[in-house]
Amino acid sequence: MQADVPARSAVVDLGSNSVRMVVFDGISRNPVPIFNEKAVLRLGRGLTATGRLNEDGMAMAADVMRRFHAIARGMNADPFEVLATAAVRDATNGPEFVEMLRQVMPGVPIRILSGIEEADHAAVGVLCGIPEADGLVADIGGGSLEVIRLDKEGRHDASTLPLGVIRLSDRAEGDLSRAKAIADADLAGVEWLEGMKGRTLYLVGGAFRALARLNMARTDYPLNILHYYTLNTSAAREMTAWLIGCNRKTLEKLPNAPRKRLDDVPFSATVLRRLIRRLEPERIVFCVDGLREGWYALNVAPNLQAEDPLDAVAREMSARLGRSRTLPEALVAWTAPLFPDETPQQARLRRAVCQMSDIGCHDHPEYRAEQTFLRVLWMQGGGFDHEARAALATALALRYEGEIDAPWLAPARALLTEESRDWAMTLGLALRLAYALCGGTEVLLDGTHLAREPDALRLYLTSARVAVRGDAVRRRLSRLGQVMGLESRLEEDGMTDAVAFA
């Protein structure tokens, strides 16, 4: 890294409902937040009636922004920028408020984003976290709803609507029936949405994330990670109907209920329900990466966005926690014969597992399998969905002597299909065998290879590698063959009789 490249960067997202500052550490494909704090100001409360920012919120903002300024400067964040959205850009006293902020945060750029710019930043954020995203991004805030189309060619057809949860509540005077009619009318005015029917709907913004959090708690979802939480249309409709009809006391009883968001829930659920009715999406995907991560991708790491985020995080973890920089690539080639018909996605995941296959080497041996499993299951970012996350973590747990029926593997088992479970078991046990052969040293893996045949799994050892055979290798080869439904055989140079293991 060049000496003049900033080590940290910070952005303040100043919205109609809340203000949040995130400080990112370093420059990498996946943003690494090391400080993340939010304050609820409700600057947009009453804006529809008065045309002005809420006075109480403005007074609170001065103290909050003064704190953010001190923290960002103390952490040497550069670049450091404030992005103001719907409430500030629409209020008659918005310029006055911005001038006050300039006094509180001298020298800090303050940008008032247009609705189109806000939508574009959100779309870039989604692509940062879900690089294969293809469909409609809907970013809800307190003052507005931004929608923008994503496809392989880029970002298109952005629109902004006054359907943020605070503004919609004000416009409907708290009446959900009126809110429904208002949302339908506003969405009907966006003609290009007609062409988005049947596509994936990506949801961004705290008010939408609150819906996901409540639904995950209600259904005992096995993974407490919002990013990439996915619902089919039927499940999403059922969720919104439940949330619209549910009283606050019931919601408050759910684990980790976002209490400060509960008053907004019926309105954000109404907007989502109307979007579903308008679009009839194939699926609904919640994304935690939005405007702030879009800012990071555009301003801090623009040259890294072409990288695969999963490959980037796997290589980083391998370099930081593993013992060899060359063995992972050798393992990619060594395990390939076991998966002759793998899809591009399976190949991508297999490469990531091989990259991370030694990240538990410094952990306590009694807890190595579980620690590695949790490290991967719960890791931040990476650009992969929950099933893939569970498959990666399970494969690595089995590489470290974990067993598929271990109680601590239960969250992953609940997320895996039979196909992905079998894939994880095969790869994990293959890596367990590989490390028994080479002890984490690439030179000892060289001269060995696997071959998958219709009725047998064969491990070949050259004469230079015969010395590495032993009971551990035989047991692990036998176990791998059992999982694959194949007879396992050990083939050594100069020997015509194979050694078979049941």
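**A tour that starts at helix 12**

Select residues 291–299, which form helix 12, and you will find a mostly covered element, since seven of its nine residues are buried. Keep in mind throughout the tour that this is a predicted model. The buried residues of the helix are L291, R292, E293, G294, W295, Y296 and A297, and they can be coloured before you move on. To see what covers them, add strand 1 (8–14), strand 2 (18–25) and strand 4 (80–84), together with helix 5 (115–129) and helix 8 (206–218), because the buried residues of helix 12 pack against these elements, where a contact means heavy atoms within 4.5 Å.

Next, select V22, whose place is in strand 2. Is V22 buried or exposed? V22 counts as buried because its relative accessibility is 1%, and buried means under 20%. Show the residues around it, leaving aside the neighbours within four places in sequence, and you will find V22 in contact with S9, A10, V11, P33, F35, N36 and R292. R292 has already appeared on this tour, as one of the buried residues of helix 12. For a jump along the chain, pick the C-alpha atoms of V22 and H386, which are 364 residues apart in sequence and separated by 25 Å.

The tour now turns to the nonpolar cores. Select M356, L433 and L459, which touch the most other members among the 64 residues of the largest nonpolar core. Helix 19, residues 418–438, gives the most to this core, contributing 12 residues. Which residues surround M356 once its neighbours within four places in sequence are left aside? M356 is in contact with A314, M317, V376, M379 and L396. A second core, separate from this one, has 49 residues, and I140, L145, I182 and A257 are among them.

Finally, show the protein chain as a whole, with its 21 helices and 15 strands. Along its principal axes the C-alpha trace spans about 90 × 50 × 45 Å. The radius of gyration is 26 Å, which agrees with the value near 23 Å that a compact globule of 502 residues would have. Buried residues make up 56% of the chain, and of the contacts with a separation of 6 or more, 70% are between residues 24 or more positions apart. If you switch on the surface, its accessible area comes to about 21000 Å², with 49% belonging to carbon and sulfur atoms. Colouring by charge brings out 61 positive and 67 negative side chains, and the centres of these two sets lie 4 Å apart.

Terms used:
Residues numbered from 1 in each chain as written. Predicted model: local features only at pLDDT ≥ 70, side-chain atom pairs only at ≥ 80, totals over all residues. Heavy atoms only, no water. Helix = DSSP H or I, 4+ residues; strand = E, 2+ residues; numbered from the N terminus. Rg over C-alpha atoms; globule rule 2.2 N^0.38 Å. Buried < 20%, exposed > 50% of the residue type's maximum accessible area, 1.4 Å probe, protein only. Areas by Shrake-Rupley, 256 points an atom, 1.4 Å probe, with all protein chains shown as cover. Lys, Arg positive; Asp, Glu negative; His and termini not counted. Charge placed at Lys NZ, Arg CZ, Asp CG, Glu CD. Core = buried A, V, L, I, M, F, W, Y, C linked by side-chain atoms within 4.5 Å.
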